[in-house]
Amino acid sequence: MKKREKAPETAENRTFPQGHNAQRTPIKKRRAGIVLSHQEVKAIQSGRKKLRRELRKKGIKKRKDFELTASSLGLYFDKNRGWGLLLWLLHGRGLWALLGAAAALVTVLFALSLVSQMQGHFTINLSGDLLQEGFALSETKDFNAPSMRLFAEPATDVPCFSLSDIHDDVNDVDGQHNEAGYFAYTFYIRNEGESTVDFNWELIVNSESHELSKAVWVMFFEDDVMRIFAKSRADGTQEALPSFGDNSRGYLRTPLAEYAADAQALYQPITTRGGMTFYRVVPENFEEADTVVTGTQLQVAPKEVHKYTVVMWLEGDDPDCTDELIGGHAGVEMRFHMADEEESDDEADSGVLTHWDKLWDSLLFWED
């Protein structure tokens with residue numbers, strides 16, 4: 001009797017052990033059209049995580065490069081077309097799951113709306129190339145606790161404030177040192193590697209509501225040199241307090257003028273009365289709508305340290321500081337990257353980082 005040949009394995013006729021080794025999710029993961037077992041799924045997921053870590057150590061962070069390498073090694077899953085999930089959601093237990101998920105989402109959104117009022121965050125990040133070169137961040141100059149990323153708690157319930165009330169020692173306290181009316185954070189970056197390199201940095205507003213940034217003023221120190229920034233006015237003219245042409249009042253103090261990069265441009269005398277000089281404060285404009293300021297450090301040698309202090313407040317004398325800002329928040333980020341590093345290394349292809357690319361990068365960070 002001729003032995004019957006075994007039919008080739010397909011997604012339809014493939015069998016695998018039941019029980020703990022079978023996928024229990026409604027939408028089965030497949031590779032090359034074949035449904036995988038639970039153990040195979042775990043093995044591929046583990047392999048992808050390991051590959052992701054190895055590529056990141058080599059400075060390779062693009063999702064496209066990762067997926068190409070993973071596919072060549074068989075570490076991939078077929079893309080779901082979405083129809084199977086839709087049919088499951090609209091039938092039986094899937095419908096109840098959908099309704100439950102919707103209810104949970106509404107609850108989460110409500111909770112977030114309660115805690116987001118008058119809050120923002122401040123993060124400092126190193127790019128992959130700087131990490132590879134050995135750069136580190138620290139809240140203290142001795143670098144007892146070096147890090148690749150720093151995070152500051154948001155300043156909450158922030159009232160309108162005045163530049164003249166900022167403490168004179170605001171650049172002398174390490175780490176986070178908020179006061180009742182402003183946010184303040186001092187940190188350091190050091191070249192722990194063996195090469196002399198150039199790096200760029202940028203201070204950006206990465207999230208906001210109620211257009212809060214139009215009233216946010218920023219005092220920025222780099223290696224103890226101070227500059228002040230504010231958004232230009234709605235008509236495009238430069239911010240100034242008091243406004244240009246209004247010489248009826250002015251500031252008696254010139255806070256931290258001894259640290260100013262250009263004290264004469266920042267604090268411009270208006271008039272002198274009774275032996276007292278009154279000044280107009282003229283901050284620099286934000287470089288772009290969401291970019292406060294950018295800069296470069298050249299020829300940073302091994303063990304070289306640079307210090308930064310960022311102070312932010314809602315300037316009460318700014319005409320844009322109105323009740324409409326109540327309930328708003330602003331998040332600010334400072335990024336460091338190699339001077340010759342292409343933007344696409346940290347951003348998405350074509351220079352625009354999409355929502356899904358951001359999500360993928362954040363997942364990479366937490367998996368490491």
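The following exchange looks at a few residues and one cavity in a predicted model.

Reader: Why is T69 called partly exposed?

Author: T69, which is found in helix α2 (residues 63-72), has a relative accessibility of 28%. Buried means under 20% and exposed means over 50%, so T69, at 28%, counts as partly exposed.

Reader: Which residues is T69 in contact with, leaving aside its neighbours within four places in sequence?

Author: T69 is then in contact with L51 and L55, where contact means heavy atoms within 4.5 Å. The C-alpha atoms of T69 and L55 are separated by 9.4 Å, although these residues are 14 apart along the chain.

Reader: Why is F143 called buried, and what is notable about its phi?

Author: The relative accessibility of F143 is 5%, and buried means under 20%, so F143 counts as buried. F143 is found in the loop between β4 (135-138) and β5 (149-152), and its phi is near 55 degrees, a positive value in a residue other than glycine. Most residues other than glycine have a negative phi.

Reader: How do you know that L256 is buried?

Author: L256, placed in the loop between β11 and α6, has a relative accessible area of 3%; the limit for buried is under 20%, and therefore L256 is buried. Phi of L256 is also positive, near 55 degrees.

Reader: What makes up the lining of the second largest cavity, by class?

Author: That lining has eight nonpolar residues, one polar residue and no charged residues. Among the lining residues of the second largest cavity are F286, M312 and S213, and its volume is about 40 Å³.

Conventions
Residues are numbered from 1 along each chain as its sequence is written. This is a predicted model: local features need pLDDT of at least 70, side-chain atom pairs count only at pLDDT 80 or more; totals for chains, interfaces and linings use all residues. Side-chain values use heavy atoms; hydrogens and water are left out. Helices (H or I, at least four residues) and strands (E, at least two) are DSSP runs, numbered from the N terminus. Buried means under 20% relative accessible area, exposed over 50%, partly exposed in between (1.4 Å probe, protein chains only). On a 1 Å grid over the protein atoms alone, a cavity is a set of points where a 1.4 Å probe fits but cannot get out, and a pocket is an open set with protein on both sides within 12 Å along at least five of seven lines; lining residues have an atom within 4 Å of a point. Grid points are joined across faces, edges and corners, and a volume is the space filled by probe spheres set on the points. Ala, Val, Leu, Ile, Met, Phe, Trp, Tyr, Cys and Pro count as nonpolar, Asp, Glu, Lys and Arg as charged, and the others, Gly among them, as polar.
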